[in-house]
Amino acid sequence: MMILIAGPYRSGTGDDPEKMAANLRRLEQVSWPLFQAGHLPMIGEWAALPIWRAAGGRHTGDALYQQVLYPTAHRLLDLCHAVLRIEGASTGADQDVRRAEARGIPVYYRLEDVPGCAAVR
């Protein structure tokens, strides 16, 4: 399955680039076990940030950022088979969960609950 990893990226960082990078690394930590289990992990920022920069984005939260970040995650989610929601407050991740539920695709809250991941770590 292609699985969107949803969790805090910008939330709670005050737009501090180092804190945002730490959040991205936290999201990325579960990508390897998902991949080992045969899934294709995806994080919205992996796709959105290069698009935002290519379009001329300069400052986190600017108007272009708003036009690119959430819509990219939503487009990805339309292609995904499931969501893995990791812990932490996040408006965007909560939106992803609601969208996944509306589509009727699984939302997992623990890596161990994703098919094939119980034995991987």
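Start by selecting β1 (2-6) and β3 (82-85): these two strands pair in the parallel sense over four bridges. Two strands count as paired if DSSP finds at least two bridges between them, and the helices (H or I, at least four residues) and strands (E, at least two) are DSSP runs, numbered from the N terminus. Before going on, note that this is a predicted model, where local features need pLDDT of at least 70 and side-chain atom pairs count only at pLDDT 80 or more, while totals for chains, interfaces and linings use all residues. Residues are numbered from 1 along each chain as its sequence is written, and side-chain values use heavy atoms, with hydrogens and water left out.

**Stop 1: the sheet**

Stay on β1 and pick Ala-6, which stands opposite Arg-85 in β3. Now add β2 (40-42), which runs parallel to β1 and is joined to it by three bridges. Here Leu-4 stands opposite Met-42 in β2. Show the whole sheet next: four strands form an open, parallel sheet in the order β2-β1-β3-β4. The edge strands are β2 and β4 (107-108), each of which pairs on one side only.

Which way do the residues of β1 point? Met-2, Leu-4 and Ala-6 go one way, and Ile-3 and Ile-5 the other. Five of the five residues in β1 are buried, where buried means under 20% relative accessible area, exposed over 50%, and partly exposed in between (1.4 Å probe, protein chains only).

**Stop 2: the cores**

Select Leu-34 and Leu-84 next. Of the 22 residues in the largest nonpolar core, these two touch the most other members. Such a core is a set of buried Ala, Val, Leu, Ile, Met, Phe, Trp, Tyr and Cys residues joined through side-chain atoms within 4.5 Å. β1, α1, α3, α4 and β3 each supply at least two residues of this core. A second, separate core has 13 residues, including Met-2, Ala-6, Ile-105 and Val-107.

Center on Leu-34 and show its contacts (heavy atoms within 4.5 Å). Leaving aside neighbours within four places in sequence, the partners of Leu-34 include Ile-3, Ile-5, Leu-84 and Leu-111.

**Stop 3: helix α3**

Move to α3 (residues 44-54), and color Gly-44, Glu-45, Ala-48, Leu-49 and Trp-52, which are buried. Why do they lie on the same side of α3? They cover an arc of only 100° around the axis, taken from the directions from the helix axis to the C-beta atoms. The buried residues of α3 pack against β1, α1 (17-29), β2 and α4 (63-77). Just after α3, look for Gly-56, which takes a positive phi of about 105°.

**Stop 4: two buried polar residues**

Ser-31 is found in helix α2 (residues 31-36). Is Ser-31 buried or exposed? At 15% relative accessibility, Ser-31 counts as buried. Follow its side chain to the backbone oxygen of Glu-28, reached at 2.6 Å. Leaving aside neighbours within four places in sequence, Ser-31 is in contact with Ile-5, Pro-41 and Trp-46.

Finish on Thr-72, in helix α4. Thr-72 is buried too, with a relative accessible area of 12%. Which residues should you show around Thr-72? Apart from neighbours within four places in sequence, Thr-72 is in contact with Gly-44, Ala-47, Ala-48 and Ile-51. For a longer view, draw a line from Thr-72 to Lys-19: their C-alpha atoms are separated by 22 Å, and the two are 53 residues apart along the chain.

How values were computed
Polar contact = N/O pair within 3.5 Å; in protein donor to acceptor, adjacent residues only side chain to side chain.
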